[in-house]
Amino acid sequence: MDPPRARLVALAAQRGVSLAALSALLGRNAAYLQQFVRKRSPRKLEENDRRTLAEFFGVDEAELGAPVRETVLTVASAGGAGQGVRTADWADIPRLPLGASAGPGTMAQDLAPIDRLRFSGRWLRQQGLEPGMLSVIEVEGDSMEPTLRDGDEILVDRSPRPLRSGLHVIRLDDVLLVKRLEPGAAGTVQIISDNTAYPRMERPRADVAVLGRVVWKGGRI
């Protein structure tokens with residue numbers, strides 16, 4: 001089984017959804033994706049189907065077989081002659097409609113992306129980041145000021161890694177938060193707001209679901 005087909009099967013299993021149900025999502029007959037996976041018919045997914053599935057799973061289309069997008073620009077050399085320069089590939093990272101609260105907290109939900117934010121694939125590789133494990137969400141509230149402000153966009157890496165100090169998106173008591181975490185004593189974790197007006201918390205590590213590490217931020221000046 002080639003990588004796009006294997007990835008589709010893995011994503012469906014992780015989400016607990018059948019290929020028949022995904023076929024219905026695409027407006028196809030129930031056997032459509034089963035035939036795509038098992039019989040290689042069609043040979044590749046149509047662009048609209050691939051995009052719909054990528055948005056449903058919150059992954060980059062490249063994981064489902066989309067070609068790497070590259071652009072060749074023509075620039076003037078010192079002698080005046082044009083030469084081709086290949087730009088970096090791009091990764092479209094899903095932007096989720098649910099913000100991570102830097103204030104009182106937002107109820108966590110599983111929602112489909114509302115759009116995507118484009119990053120240089122080369123830059124992501126340099127940072128050791130896998131596009132399929134990234135999401136962009138909006139910060140809500142002021143408890144992480146001045147580091148993060150209300151309305152900032154943050155890039156969250158969901159790759160499973162050992163907990164270390166830094167900014168993370170967490171689920172605590174069914175509430176989604178962005179906070180600074182530091183390992184505490186005796187199996188606890190310190191949950192810290194950069195805004196000193198908010199008290200820090202200490203909770204058992206088992207009570208804190210770490211959803212991802214914040215690896216980039218962007219916002220209005």
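Contact here means heavy atoms within 4.5 Å. This is a predicted model, so local features need pLDDT of at least 70 and side-chain atom pairs count only at pLDDT 80 or more, while totals for chains, interfaces and linings use all residues. Residues are numbered from 1 along each chain as its sequence is written, and side-chain values use heavy atoms, with hydrogens and water left out.

**Exercise 1. Find which residues Leu 33 touches, then place Leu 33 in its core.**

Step 1. Skip residues up to four places away in sequence; Leu 33 then touches Leu 8, Leu 19, Leu 22, Ser 23, Leu 26, Leu 45 and Leu 53.

Step 2. Now the terms. Buried means under 20% relative accessible area, exposed means over 50%, and partly exposed is in between (1.4 Å probe, protein chains only). A nonpolar core is a set of buried Ala, Val, Leu, Ile, Met, Phe, Trp, Tyr and Cys residues joined through side-chain atoms within 4.5 Å.

Step 3. The largest nonpolar core has 16 residues, and Leu 33 is listed with Leu 8, Leu 19, Leu 22, Leu 53 and Phe 57 as having the most contacts inside it. Helix 1 (3-15), helix 2 (19-25), helix 3 (32-38) and helix 4 (47-57) each bring at least two residues to this core. Helix 3 gives the most, with four. (Helices, H or I with at least four residues, and strands, E with at least two, are DSSP runs numbered from the N terminus.)

Step 4. Don't stop there: apart from this core lies another, of eleven residues, including Leu 148, Val 169, Leu 176 and Val 178.

**Exercise 2. Work out which residues of helix 4 are buried, and what covers them.**

Step 1. Asp 49, Arg 50, Leu 53, Ala 54 and Phe 57 are the buried ones in helix 4. They span an arc of only 130° around the axis, so they sit on the same side of helix 4. (The arc is taken from the directions from the helix axis to the C-beta atoms.)

Step 2. Here's the general background: an α-helix has 3.6 residues a turn, so residues three or four places apart point the same way.

Step 3. The cover over the buried residues of helix 4 includes helix 1, helix 2, helix 3 and strand 6 (115-120).

Step 4. Just past the helix, Gly 58 follows with a positive phi, near 70°. Glu 61 then lies in the loop between helix 4 and strand 1 (72-76). Glu 61 counts as buried, at 13% relative accessibility. Leaving out residues up to four places away in sequence, Glu 61 touches Glu 47, Arg 50, Arg 51, Ala 54 and Ala 66.

**Exercise 3. Sort the aromatic pairs of Phe 56 with Phe 57 and Phe 119 with Trp 123 by geometry.**

Step 1. Set the rule: rings of Phe, Tyr and Trp (its six-membered ring) pair if their centres lie within 6.5 Å; planes under 30 degrees apart count as stacked, over 60 as edge-to-face and the rest as tilted. The count by this rule is three aromatic pairs.

Step 2. Phe 56 and Phe 57 are 5.1 Å centre to centre with 75° between the planes, which is edge-to-face. Phe 56 is partly exposed at 24%, whereas Phe 57 is buried at 12%.

Step 3. Phe 119 and Trp 123 have ring centres 6.1 Å apart and planes at 20°, so this pair is stacked. Phe 119 is buried at 7%, and Trp 123 is partly exposed at 29%. Together with Trp 216 they form one aromatic cluster.

Step 4. Check for charges too. A charge sits over a ring if NZ of Lys or CZ of Arg is within 6 Å of the ring centre and within 35 degrees of the ring normal. The charged end of Arg 15 sits over the ring of Phe 56, 4.3 Å from its centre, and Lys 179 lies over the face of Tyr 198 at 5.8 Å from the ring centre.

**Exercise 4. Explain why strand 8 (153-157) is called largely enclosed, and name its partners.**

Step 1. Five of the five residues of strand 8 are buried, so the rest of the structure largely encloses it.

Step 2. Glu 153, Leu 155 and Asp 157 point one way, Ile 154 and Val 156 the other.

Step 3. Two strands pair if DSSP finds at least two bridges between them. Strand 8 pairs antiparallel with strand 7 (134-140) over five bridges, where Ile 137 has Ile 154 as its bridge partner. Strand 8 also pairs antiparallel with strand 13 (residues 208-218) over five bridges, and Val 156 stands opposite Val 214 there.
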